[in-house]
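Let's take a friendly walk through a protein model. Have the sequence and the 3D view open side by side, and look up each residue as we meet it.

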Amino acid sequence: MSLTLNREIGGVKFEVDFKDKVCVMMGFSGTGKTYLLRTLKSCLDAQEISCLYISPGNLSELGVSVSDLKDLIQRNHPRVVLFDNASLYLTDTLFQAAFMVCDYIVVGTNYLNHTKLKDCGYYAIDFTSDVLRVMRESYA
């Protein structure tokens, strides 16, 4: 099982291979997490793979509040959920709802102490001017 994005888009070469059902990207602001998640969403939409991109900034576009996200995921059964800026809203309950119905979950966050994610792959982003790659990390 793998979620990959290996192509050039808009002058940026993406080298992304998420090998886990749950992929957690941690990094400081400005490292490329949101850019990658939005690009991944566009590519999945183009391939007609059901995907839900969730960010505090797009809740009104989705027509929901944070408290409605669990129901939205359970109703839509997306194959992929992309949680952007997850440290602001992701709870254990919301994560479990996504885990039960999705093939892949990708979490972009500045830190991880807000919830206990188990059986995850942790990824770091390396984004230079024209290449964005993710690397699987091991955190003990």
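Helices and strands are DSSP runs, numbered from the N terminus, where a helix has at least four residues and a strand at least two. With that in hand, we can place His-77 in the loop between helix H3 (69-76) and strand S5 (80-83). Please keep in mind that this is a predicted model.

**Two unusual backbone angles**

Most residues other than glycine have a negative phi. His-77 goes the other way: its phi is positive, about 45 degrees, although it is not a glycine. This turn of the backbone comes just after H3. Asn-85 also has a positive phi, near 50 degrees, and is found in the loop between S5 and helix H4 (92-101). Are these two residues buried, exposed or something in between? His-77 is partly exposed because its relative accessible area is 46%, and Asn-85 counts as partly exposed at 29%.

**One face of helix H3**

Now step back into H3 itself. Leu-69, Leu-72 and Ile-73 are buried there. Seen down the axis of H3, the buried residues fall within an arc of 95 degrees, so they line one face of the helix. A general rule helps here: an α-helix has 3.6 residues a turn, so residues three or four places apart point the same way. What do the buried residues of H3 pack against? Their partners are strand S4 (51-54), helix H2 (59-62), S5 and H4.

**A buried methionine and its neighbours**

Met-25 lies in strand S3 (residues 22-26) and is buried, with a relative accessible area of 0%. Its contacts include Phe-18, Leu-36, Val-106, Thr-109, Tyr-123 and Val-134. Gly-108 is also touched by Met-25; the two are 83 residues apart in sequence, yet their C-alpha atoms are 4.9 Å apart in space.

Thr-109, another of these contacts, is found in strand S6 (residues 104-109). With a relative accessible area of 1%, Thr-109 is buried. Its side chain reaches the backbone nitrogen of Ser-87 at 3.5 Å.

**Rings that meet**

A pair of aromatic rings is described by the distance of the centres and the angle of the planes. The whole structure holds five aromatic pairs, and the table shows two of them.

| Pair | Centre to centre | Angle between planes | Type |
|---|---|---|---|
| Phe-14 and Tyr-35 | 5.7 Å | 35 degrees | tilted |
| Phe-18 and Tyr-123 | 5.0 Å | 85 degrees | edge-to-face |

Phe-14 lies in strand S2 (residues 12-18) and Tyr-35 in helix H1 (residues 33-46), so their pair ties together parts that are 21 residues apart in sequence. Phe-14 is buried at 0% relative accessible area, whereas Tyr-35 is partly exposed at 34%. Ring pairs also link Phe-14, Tyr-35 and Phe-127 into a cluster.

The pair of Phe-18 and Tyr-123 links distant parts of the chain: Phe-18 is in strand S2 and Tyr-123 in strand S7 (residues 121-127), 105 residues apart. Phe-18 counts as buried at 0% relative accessibility, and Tyr-123 is buried as well, at 2%. You have met both residues already, among the contacts of Met-25.

**A lysine over a ring**

Here is one last spot to find in the 3D view. Lys-21 lies over the face of Phe-99, at 4.2 Å from the ring centre.

Conventions
Residues are numbered from 1 along each chain as its sequence is written. This is a predicted model: local features need pLDDT of at least 70, side-chain atom pairs count only at pLDDT 80 or more; totals for chains, interfaces and linings use all residues. Side-chain values use heavy atoms; hydrogens and water are left out. Buried means under 20% relative accessible area, exposed over 50%, partly exposed in between (1.4 Å probe, protein chains only). Contact means heavy atoms within 4.5 Å. A polar contact is a pair of N or O atoms within 3.5 Å; within protein, one must be able to donate a hydrogen and the other to accept it, and residues adjacent in sequence count only if both atoms are side-chain atoms. The arc is that of the directions from the helix axis to the C-beta atoms. Rings of Phe, Tyr and Trp (its six-membered ring) pair if their centres lie within 6.5 Å; planes under 30 degrees apart count as stacked, over 60 as edge-to-face and the rest as tilted. A charge sits over a ring if NZ of Lys or CZ of Arg is within 6 Å of the ring centre and within 35 degrees of the ring normal.
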